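Trainee: Got a minute? I'd like to go through this one with you.
Mentor: Sure, pull it up.

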Amino acid sequence: MSEVQDKPTGREAQRLRTRQRVLDAAIREFKSVGMADADIGAIAEAAGVARGTFYFHFPAKEHVLLELEAREEARIAKELARFLATPHDLKSALQKAITLILGLERRLGGVLFKELLAIHFSPARPLDDEWRDHRMIVLVVEEIERARDHGEAQIAVDPYHSAVFFLLGLYAMLTTTSTSKALRATALDNYLITVLRSLEPR
């Protein structure tokens with residue numbers, strides 16, 4: 001089937017365009033006031049749709065964040081995968097992951113970035129949500145596994161737990177050092193050094 005034939009047409013194409021308008025309007029509102037204070041009426045008006053159309057596409061405001069998370073994660077995972085396909089070591093791989101997540105924060109803004117982290121760790125996430133569904137986590141796990149197998153990391157390292165600790169620590173640091181660029185830069189440099197030392201062969 002050709003690429004043209006694969007593209008949605010008619011009502012499906014219209015539905016997808018409407019959904020995108022609603023999503024874009026919701027993201028702008030979330031960036032401005034946060035999810036909790038976001039006004040569904042204002043979002044619908046900005047998207048040029050009826051209030052009920054918002055709920056047709058997104059049953060709750062949290063669903064906007066879940067879709068945004070999936071899209072942004074796919075974006076940065078694609079960039080990380082492209083980097084990992086080139087010659088690199090563990091340090092440069094983890095540094096690239098940090099750089100990509102910092103870029104995500106810049107694109108979203110501090111308020112929306114923190115909202116995204118909150119929904120990521122929310123107990124209200126779907127019960128069938130697993131770490132393997134998150135390409136960014138999978139790539140970091142695979143990179144630590146590669147480093148272990150090539151002698152860059154100690155043999156006793158558990159790639160999954162090491163990846164989770166690395167990402168959790170990074171997210172925590174980003175949410176607590178957002179007021180000072182200098183403090184954050186130093187903290188992130190020290191954090192990466194600490195992570196690498198915890199993984200290096202004994």
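Trainee: What share of the residues in the protein is buried?
Mentor: Buried residues account for 43% of the 202 in the protein. Keep in mind that this is a predicted model.

Trainee: Okay, and how many helices and strands are there?
Mentor: Ten helices and zero strands, so the order from the N terminus is simply α-α-α-α-α-α-α-α-α-α.

Trainee: Back to the buried part. Which residues touch the most other members of the largest nonpolar core?
Mentor: Ile101 and Phe166, in a core of 60 residues. Several helices supply at least two residues each, among them helix 2 (10-33), helix 5 (61-84) and helix 9 (159-176). Helix 6 gives the largest share, with ten residues.

Trainee: What does Ile101 touch, leaving out residues up to four places away in sequence?
Mentor: Ile76, Phe113 and Met136, plus Leu167, Leu170, Tyr171 and Leu174. As background, nonpolar side chains in soluble globular proteins tend to be buried together.

Trainee: What about contacts at long sequence range?
Mentor: Take the contacts between residues at least 6 apart in sequence: 65% of them join residues at least 24 apart.

Trainee: New topic, charges. How many positive and negative side chains are there?
Mentor: 28 positive and 29 negative, and the centres of the two sets sit 5 Å apart.

Trainee: And the outside? What's the accessible surface of the protein?
Mentor: About 11600 Å², with 56% of that belonging to carbon and sulfur atoms. If you want a box, the C-alpha atoms fill roughly 60 × 50 × 30 Å along the principal axes.

How values were computed
Residues are numbered from 1 along each chain as its sequence is written. This is a predicted model: local features need pLDDT of at least 70, side-chain atom pairs count only at pLDDT 80 or more; totals for chains, interfaces and linings use all residues. Side-chain values use heavy atoms; hydrogens and water are left out. A nonpolar core is a set of buried Ala, Val, Leu, Ile, Met, Phe, Trp, Tyr and Cys residues joined through side-chain atoms within 4.5 Å. Buried means under 20% relative accessible area, exposed over 50%, partly exposed in between (1.4 Å probe, protein chains only). Helices (H or I, at least four residues) and strands (E, at least two) are DSSP runs, numbered from the N terminus. Contact means heavy atoms within 4.5 Å. Accessible areas come from the Shrake-Rupley method with a 1.4 Å probe; for residues, only the protein chains shown count as cover. Lys and Arg count as positive and Asp and Glu as negative; His and the chain ends are not counted. The place of a charge is taken as NZ of Lys, CZ of Arg, CG of Asp or CD of Glu.
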